[in-house]
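Me: Please take a close look at one part of this model, the surroundings of the DNA strands. I should also like to know what lies behind that surface.

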Number of protein chains: 2
Amino acid sequence: MTRRKQAVTRRKSRIIDEMHETVRGLHEIGLIDKRRMSEFEALCHLDVEEMTPRKIKSLREKTHLSQAVFAAVLNTSVSSVQKWEIGDKKPSGPSLKLLNLIERKGIEAVL
Amino acid sequence: MTRRKQAVTRRKSRIIDEMHETVRGLHEIGLIDKRRMSEFEALCHLDVEEMTPRKIKSLREKTHLSQAVFAAVLNTSVSSVQKWEIGDKKPSGPSLKLLNLIERKGIEAVL
DNA sequence: TAAAATATATCACTTAGTGCAATAGTTTGC
DNA sequence: GCAAACTATTGCACTAAGTGATATATTTTA
């Protein structure tokens, strides 16, 4: 499962990288303005993956942070983190975004 | 206003920097374990500032992104971004965290 | 073993988040 | 200039995440 997803991700970013160069070229030629360029950049890495309770918990444990501190980092409540890990509630959009950031870039990325 | 805040921030980080060195030293001596060290690191930069509707809007405009794309970046709905900017709703904890990250580190930090 | 820190669990409540639809304003291209 | 496309504003109704408090395991540390 993990392997398959990584493969997909890798293939996707290769394609995105090429698109990126292409669009950047179009921008330099003047075919698309700076604004469109910005929007393109932003839309590049927007895929946010769902996370199971177990995954959230293991993600936190990888950072060696208690639920309390982890919650503080995400600017949410301990109660929320607990419920995510148990599966009682699912993290909201922005919460999921933060969890993805931590997973992809490490905890420092959100400090 | 901006100037005053920058000053405060600067003074604060100087203190934090010293604390950081101190704690790192304690860690190297072996007085605190790696886990405590992690928690300390995490707790360093946890102050999240409130944002007025106008500030949110100007923050988005600085990134040259439409409400729709900005919402996508934060993994939230257009409706939510609109209400933040109007003042109808206030961004939740994790949302506010993301907005702060963008303000401090730029939009790339959350991509 | 005792004490302290962490984590789990439940309950009741609040409010942010969401989707839709209708309108108004702004750019863009012909 | 006009029309089309995009963007933003507003209101409404509903859902579910978020929260706080509290009590109870569980684990860690002294």
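Reply: The account below begins with the DNA strands and then turns to the helices and the core.

This is a predicted model, in which local features need pLDDT of at least 70 and side-chain atom pairs count only at pLDDT 80 or more, while totals for chains, interfaces and linings use all residues. Residues are numbered from 1 along each chain as its sequence is written, chains are lettered from A and ligands numbered from 1 in the order in which they are written, and side-chain values use heavy atoms, with hydrogens and water left out.

A residue is taken as near a strand if one of its heavy atoms lies within 4 Å of it. Around DNA strand C there are 20 residues, of which A:K57, A:Q67, A:Q82, B:T76 and B:K83 come nearest. Of the atoms of this strand within 4 Å of the protein, 58% belong to sugar and phosphate. Around DNA strand D there are likewise 20 residues, with A:T76, A:K83, B:K57, B:Q67 and B:Q82 nearest.

Helices (DSSP runs of H or I, at least four residues) and strands (runs of E, at least two) are numbered from the N terminus. Chain A has six helices and zero strands. At least two residues each of the surface near strand C come from α3 and α5 of chain A and from α5 of chain B; near strand D, α5 (78-86) of chain A and both α3 (53-62) and α5 (78-86) of chain B do so. Nonpolar means Ala, Val, Leu, Ile, Met, Phe, Trp, Tyr, Cys and Pro, charged means Asp, Glu, Lys and Arg, and the others, Gly among them, are polar. By that division, the surface near strand C has three nonpolar, nine polar and eight charged residues, and that near strand D has two nonpolar, nine polar and nine charged.

Polar contacts (pairs of N or O atoms within 3.5 Å) give further detail. On strand C, phosphate oxygens lie 2.3 Å from a side-chain N or O atom of A:K57 and 2.9 Å from a polar side-chain atom of A:R60. A base nitrogen of strand C is 2.9 Å from a polar side-chain atom of A:K83. On strand D, phosphate oxygens are 2.6 Å from a polar side-chain atom of A:T76 and 3.0 Å from a side-chain N or O atom of A:S92.

Behind this surface, burial is judged by relative accessible area (buried under 20%, exposed over 50%, partly exposed in between; 1.4 Å probe, protein chains only). The buried residues of α3(A) are A:I56, A:L59 and A:R60. Seen down the axis, they fall within an arc of 95°, so they line one face of the helix; the arc is that of the directions from the helix axis to the C-beta atoms. The opposite face carries the exposed A:R54 and A:K62. In α5(A), A:V81, A:W84 and A:E85 are buried. Their arc is only 95°, which puts them on the same side of α5(A). Their cover includes α3 (53-62), α4 (67-74) and α6 (93-105) of chain A.

A nonpolar core is a set of buried Ala, Val, Leu, Ile, Met, Phe, Trp, Tyr and Cys residues joined through side-chain atoms within 4.5 Å. The largest has 40 residues, of which A:V73, A:L99, B:V73 and B:L99 touch the most other members. To this core, α3, α4, α5 and α6 of both chain A and chain B each supply at least two residues.

Technical notes: Polar contact = N/O pair within 3.5 Å; in protein donor to acceptor, adjacent residues only side chain to side chain. Contact = heavy atoms within 4.5 Å.
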